[in-house]
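Got your viewer open and a selection tool at hand? Let's take a walk through this one together, stop by stop.

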Number of protein chains: 2
Amino acid sequence: MGARFKARIGANENVFGTSPKALSAMLEASLESWQYADPESHDLRCALAEKHQVGFENVVVGEGIDGLLGYLVRMLVEPGTTVVTSSGAYPTFNYHVHGYGGRLVCVPYVADKECAELLVRTANREGAAIVYLANPDNPMGTYSSAKSIMKELDRLSEDCVMVVDEAYVECAPADAAMTVDIDRPNLIVMRTFSKAYGMAGARVGYAMGSSELVGAFEKVRNHFGMSRPGQAAALAALQDEEHLVQVVRQITESKERIRGIAENLHMDSIPSAANFVAIDCQRGEDYAREVLNALARRGIFVRMPMVWPQSRCIRVSAGTQADLDLLERHLPHALDEAYRIRYRR
Amino acid sequence: MGARFKARIGANENVFGTSPKALSAMLEASLESWQYADPESHDLRCALAEKHQVGFENVVVGEGIDGLLGYLVRMLVEPGTTVVTSSGAYPTFNYHVHGYGGRLVCVPYVADKECAELLVRTANREGAAIVYLANPDNPMGTYSSAKSIMKELDRLSEDCVMVVDEAYVECAPADAAMTVDIDRPNLIVMRTFSKAYGMAGARVGYAMGSSELVGAFEKVRNHFGMSRPGQAAALAALQDEEHLVQVVRQITESKERIRGIAENLHMDSIPSAANFVAIDCQRGEDYAREVLNALARRGIFVRMPMVWPQSRCIRVSAGTQADLDLLERHLPHALDEAYRIRYRR
């Protein structure tokens with residue numbers, strides 16, 4: 001539209017920013033960026049292994065979860081291989097599956113939630129090679145306890161790898177995060193520095209699992225894919241637990257305010273364990289899209305789920321007070337506008 | 001060995017550093033790295049398109065040439081597909097070909113040079129899908145004129161894509177650089193900010209070619225693979241032609257000094273169009289490896305070609321005066337040591 005957004009609350013970024021310690025490390029590493037980064041990400045992997053109480057060989061670092069999902073799919077999917085996910089869950093995972101010729105079987109959300117039980121049952125029935133589960137989920141923000149997922153994993157065929165995408169887990173209640181069990185050859189857990197750590201632009205994700213599965217990434221990954229500033233910043237961010245705690249508090253407050261803004265307009269929103277809130281616009285997908293477009297015309301960038309029935313919602317990322325002031329001011333007008341366009345034309 | 005190298009002149013990095021303008025942009029972008037980078041690399045691609053007088057749709061940006069080579073191989077190689085390269089040329093390209101199950105046919109260097117004529121003849125004979133040529137070459141630093149490569153391209157089957165890896169071309173004589181011909185569907189030229197631009201740790205490479213071939217990368221690439229600091233730095237680096245010219249002058253002087261150091265020890269070196277010099281140790285591969293190891297024990301990091309007969313050489317990257325002072329001081333001792341180990345034990 002030829003204009004910059006005034007409020008960028010659509011990409012689930014962390015507007016509360018990167019840890020100052022991570023930033024400082026990033027700046028320092030920038031000055032050394034004439035040198036390649038360590039292709040093994042040795043120091044970062046050591047720190048991650050310590051944090052998660054696993055071995056160095058159980059951690060692989062990559063260019064965001066997107067990159068790691070691509071490598072995983074490459075390793076396990078060939079034309080015709082079946083993969084199971086939820087309809088409307090992370091599209092980039094589906095992109096990789098389609099890219100390698102896999103057969104994607106989608107199960108519906110159950111009560112706006114990715115349903116581990118249904119996913120596993122379907123994976124077993126279809127003879128899937130991978131079953132994908134984001135916990136917390138994007139775009140709805142719902143979550144399951146790690147314990148309930150582990151229970152389903154016990155029922156999953158050993159020939160099928162469960163990938164648990166924990167991109168948002170730092171924002172979630174403590175019972176959400178999986179304990180990485182390196183003795184399970186068919187579990188891989190992925191995390192990122194893009195969300196709660198506020199480093200989306202630095203491209204650092206990691207995956208954890210058995211040494212056999214994680215070790216296999218060495219055969220396909222881009223060994224020099226990591227940037228030096230990204231590696232350094234991630235390492236420093238891990239050492240700034242205080243910043244993380246404070247950011248998560250800010251995210252929680254911001255989510256409460258978003259829910260309040262919706263409530264004042266008599267709209268429901270879905271309780272979120274992530275860094276965004278799905279607001280139920282209650283009038284179908286086309287109406288939700290008009291709300292989104294009307295907000296965009298007013299300089300507010302939000303997104304929406306792409307698959308019905310989740311697509312009755314708009315998805316608003318946690319924002320600053322200023323961002324949410326704009327949302328509060330413009331959302332009523334956007335709703336009016338969308339209503340006029342949809343129903344009075 | 002539990003110690004840091006005193007001279008890091010083995011990875012063909014640019015010790016003369018990044019453009020201050022690029023650094024400044026990188027620092028600024030670091031502060032905004034809570035945001036994702038632009039998945040289209042719009043501004044950077046526009047600038048690259050302008051520089052090379054091609055269209056926006058003829059340029060794809062990726063996580064270094066390594067990443068782009070991986071995508072290219074993925075698109076064109078399936079199990080059994082034939083690919084032609086030179087024996088001892090860039091191993092990461094071979095890694096990708098093996099990774100996708102391709103059949104790699106290697107032709108020898110001719111007079112320490114990748115031979116376009118032999119490569120093309122072999123590609124035609126073997127029905128190859130890709131023929132790889134680095135110009136200038138790594139690890140020997142030799143080069144061919146773009147004109148002579150174009151002549152061979154004219155003879156190449158249209159079913160085979162020629163990839164010209166110009167990682168080092170900014171250091172080479174002006175007649176080395178290919179003019180990108182977007183009307184040729186089977187030519188792709190790759191460049192990087194890792195070498196002359198001094199941004200190895202930022203992971204920015206790009207490829208240019210017909211809109212059909214370049215557009216196909218959209219179907220397989222990691223759309224959020226680029227870092228925000230890397231994108232910003234690359235864009236700024238393009239606007240600092242002066243720094244590039246000055247760095248290339250320093251590289252040239254450094255290469256001359258390396259050749260002089262070798263000459264004083266009665267060793268030949270190969271005239272280099274890249275940012276390193278291959279020094280001929282004249283006594284076979286095992287001896288060259290002992291020289292390399294002896295230098296390493298003295299805190300000097302260099303590398304060597306991996307395939308005979310190029311492996312008679314060690315490869316020394318352009319270094320600072322201090323780096324080369326160390327090389328000058330230690331190389332005679334390293335040669336003595338290697339000689340003793342090889343011939344007097």
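Start by selecting helix 2 and helix 8 of chain B: helix 2 of chain B passes helix 8 of chain B in a left-handed crossing. Keep in mind along the way that this is a predicted model. Helix 2 of chain B covers residues 42-52, helix 8 of chain B covers residues 228-238, and their axes lie 9 Å apart at an angle of about 25°. Angles under 35 degrees count as roughly parallel, so that is how helix 2 of chain B runs with respect to helix 8 of chain B.

Now show the side chains where these two helices meet. On the helix 2 side of chain B, pick Asp43(B), Leu44(B), Ala47(B), Leu48(B) and Lys51(B). Facing them from helix 8 of chain B are Gln231(B), Ala234(B), Leu235(B) and Leu238(B). Colour this contact between helix 2 and helix 8 of chain B by class and you get six nonpolar residues, one polar and two charged.

Next stop, still in chain B: select helix 3 and residues 91-99, which form helix 4 of chain B. The axes of helix 3 and helix 4 of chain B are 9 Å apart, and the packing angle is about 30°. That makes helix 3 of chain B roughly parallel to helix 4 of chain B as well. How is this crossing of helix 3 and helix 4 of chain B handed, left or right? Turn the view and check: the crossing of helix 3 and helix 4 of chain B is right-handed.

For the contact itself, light up Asp66(B), Leu69(B), Gly70(B) and Val73(B) on helix 3 of chain B. Then add their partners on helix 4 of chain B, which are Thr92(B), Phe93(B), His96(B) and Val97(B). The contact of helix 3 with helix 4 of chain B splits into four nonpolar, three polar and one charged residue.

One more helix pair in chain B. Select residues 116-126 for helix 5 of chain B and residues 146-155 for helix 6 of chain B; their axes come within 9 Å and cross at roughly 15°. With that angle, helix 5 of chain B is roughly parallel to helix 6 of chain B. The crossing of helix 5 and helix 6 of chain B is right-handed. Helix 5 of chain B brings Ala116(B), Glu117(B), Val120(B) and Asn124(B) to the contact, while helix 6 of chain B brings Ile149(B), Glu152(B) and Arg155(B). By class, the contact of helix 5 with helix 6 of chain B has three nonpolar, one polar and three charged residues.

Time to look inside. How many cavities of 30 Å³ or more does the structure hold? There are seven, and the largest cavity encloses about 260 Å³ of space. To find this largest cavity, select Tyr71(A), Tyr100(A), Val220(A), Tyr71(B) and Tyr100(B), the closest to its centre of the 22 residues that line it. Helix 3 (64-76) of chain A and helix 3 (64-76) of chain B are the elements that give two or more residues to the lining of the largest cavity. Six nonpolar, eight polar and eight charged residues make up that lining of the largest cavity.

The second largest cavity has a volume of about 60 Å³. Residues from chain A that line the second largest cavity include Glu63(A), Ala202(A) and Arg203(A). From chain B, add Glu63(B), Arg203(B) and Met226(B), which are among the residues lining the second largest cavity. The lining of the second largest cavity divides into three nonpolar, four polar and four charged residues.

Last, a few backbone details. Go to the loop between strand 5 (130-134) and helix 6 (146-155) of chain A, where you will find Pro136(A). The peptide bond from Asn135(A) to Pro136(A) is cis, with omega near -5°. Pro139(A) also sits in the loop between strand 5 and helix 6 of chain A. A cis peptide bond joins Asn138(A) to Pro139(A), with omega of about 20°.

Finish in chain B at His266(B), in the loop between helix 9 (241-264) and strand 9 (276-280) of chain B. Look at the backbone there: His266(B) is not a glycine, yet has a positive phi of about 60°.

Definitions and conventions:
Residues are numbered from 1 along each chain as its sequence is written. Chains are lettered from A and ligands numbered from 1 in the order in which they are written. This is a predicted model: local features need pLDDT of at least 70, side-chain atom pairs count only at pLDDT 80 or more; totals for chains, interfaces and linings use all residues. Side-chain values use heavy atoms; hydrogens and water are left out. Axes are lines fitted to C-alpha atoms, for helices over the stretch in contact, and angles run from 0 to 180 degrees between N-to-C directions. Helices (H or I, at least four residues) and strands (E, at least two) are DSSP runs, numbered from the N terminus. Angles under 35 degrees count as roughly parallel, over 145 as roughly antiparallel, 65 to 115 as roughly perpendicular and the rest as oblique. A crossing is left-handed if the near helix is turned anticlockwise from the far one by less than a right angle, and right-handed if clockwise. Contact means heavy atoms within 4.5 Å. Ala, Val, Leu, Ile, Met, Phe, Trp, Tyr, Cys and Pro count as nonpolar, Asp, Glu, Lys and Arg as charged, and the others, Gly among them, as polar. On a 1 Å grid over the protein atoms alone, a cavity is a set of points where a 1.4 Å probe fits but cannot get out, and a pocket is an open set with protein on both sides within 12 Å along at least five of seven lines; lining residues have an atom within 4 Å of a point. Grid points are joined across faces, edges and corners, and a volume is the space filled by probe spheres set on the points.
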